[in-house]
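Work through the exercises below with the coordinates open. Try each task before reading its solution.

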Amino acid sequence: MKQGKRSVQTRLTSATMQANPVSPTGSEASQRNNMGDILSEISKLSSTLNKVASDVSTIKSDTTELKNTVNVLQTWLEEAESRISDVEDSNASMINENKVLRERVERLWSRVDDQENRGRRKNVKLIGLKEGKEAGNAMNDYIKKILSEGLGLQGEEFEIERSHRSGGPRPDDNQPPRVILVKFLRYTARQKVLMAAKKERGIRWEDCTLSIYEDMTKERSDLRRRFSPTMKALWDHQVKHTLAHPAILRFTWKGKRLSFTDPKKAEVFVRDNIQNTEND
């Protein structure tokens, strides 16, 4: 009897539950909410990954472009290095060629200067004669008169081929007179005139003080003038010396004949071996 009664109760309870289903518990609702959140996060993550994929694609494209640019720059750099190398080689070649050409020009200029000075080897320069002093006389005759009365040199040996003042306009009376260039017919006459003028140390002629010098190019004159301090030191120490052509200083020291073509080397030698030695 009891079992039958329970069975009926059980059936009643089951029917009641089917008629009135039980609502889900709080734990199940929480799980469903969490699942929704997870799905939402997955959706966001998917969107982020899509964006990252897009950015990666852009980066790859930029990287490819950058790589191409680097390749172009590398090509340009190699071309530039090749051109620079060619320019350096060409420059080195030009430097060597310029050196050769410079040496050749110096040799040619030396020859031209030598020829120019050889063409003047019969000439002298007369300095100090006031403008107009020769007026009324032929210049050659007036120069012969100066040589005869001023230096005691006369005769056919001192025949003058031509003489004239240097070019340019006549200067004012308060300015130095123009130089007179005299060309003798014979080289020996020119040498004797120079020696006599050097011995007299100037010629008093009327109201003028005349000087006579060799006629040479400015380059040759400047080179010889650079020996002047050394020649003065030799003169002060009573050392005989000569300045040979084109510009060679020669003298004897302690039984040894010496020659110098470089004014600086001559100056150093005289200072160290003659001046300082005698001062000590």
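The exercises cover the overall fold, aromatic pairs, a cavity and two pockets.

This is a predicted model, where local features need pLDDT of at least 70, side-chain atom pairs count only at pLDDT 80 or more, and totals for chains, interfaces and linings use all residues. Residues are numbered from 1 along each chain as its sequence is written, and side-chain values use heavy atoms, with hydrogens and water left out.

**Exercise 1. Describe the chain as a whole.**

Step 1. Count the elements. The protein chain has 7 helices and 8 strands. These are DSSP runs numbered from the N terminus: helices are H or I with at least four residues, strands are E with at least two.

Step 2. Check burial. Of its 280 residues, 21% count as buried. Buried means under 20% relative accessible area, exposed over 50%, partly exposed in between (1.4 Å probe, protein chains only).

Step 3. Check contacts (heavy atoms within 4.5 Å). Among those between residues at least 6 apart in sequence, 58% join residues at least 24 apart.

**Exercise 2. Classify the aromatic pairs.**

Step 1. Set the rule. Rings of Phe, Tyr and Trp (its six-membered ring) pair if their centres lie within 6.5 Å; planes under 30 degrees apart are stacked, over 60 edge-to-face, the rest tilted. The count is 4 aromatic pairs.

Step 2. Take Tyr142 and Trp205. Their centres are 6.3 Å apart with 90° between the planes, an edge-to-face pair. The pair links distant parts of the chain: Tyr142 lies in helix H3 (residues 139-151) and Trp205 in strand E4 (residues 203-205), 63 residues apart. Both Tyr142 and Trp205 are buried.

Step 3. Take Phe260 and Phe269. This pair is tilted, because the centres are 5.5 Å apart and the planes stand at 45°. Phe260 is buried, at 14% relative accessible area. Phe251, Phe260 and Phe269 form one aromatic cluster.

**Exercise 3. Characterise the enclosed space.**

Step 1. Define the search. On a 1 Å grid over the protein atoms alone, a cavity is a set of points where a 1.4 Å probe fits but cannot get out; a pocket is an open set with protein on both sides within 12 Å along at least five of seven lines; lining residues have an atom within 4 Å of a point. Points join across faces, edges and corners, and volume is the space filled by probe spheres set on them.

Step 2. Run it. The whole structure gives 1 cavity of 30 Å³ or more. The largest cavity holds about 50 Å³.

Step 3. Read the lining. H3 gives the most, with 3 residues. By class there are 9 nonpolar, no polar and no charged residues. Ala, Val, Leu, Ile, Met, Phe, Trp, Tyr, Cys and Pro count as nonpolar, Asp, Glu, Lys and Arg as charged, and the others, Gly among them, as polar.

**Exercise 4. Contrast the two pockets.**

Step 1. Start with the largest pocket. It holds about 1500 Å³. Of its 31 lining residues, Lys198, Tyr213, Glu214, Arg224 and Met231 lie nearest its centre. Helix H4 (187-200) supplies the largest share, 8 residues. The classes are 13 nonpolar, 8 polar and 10 charged.

Step 2. Move to the second largest pocket. It holds about 230 Å³. Among its 13 lining residues, Asn117, Arg118, Arg121, Arg220 and His245 lie nearest its centre. Helix H2 (26-119) gives the largest share, 3 residues. The classes are 3 nonpolar, 2 polar and 8 charged.
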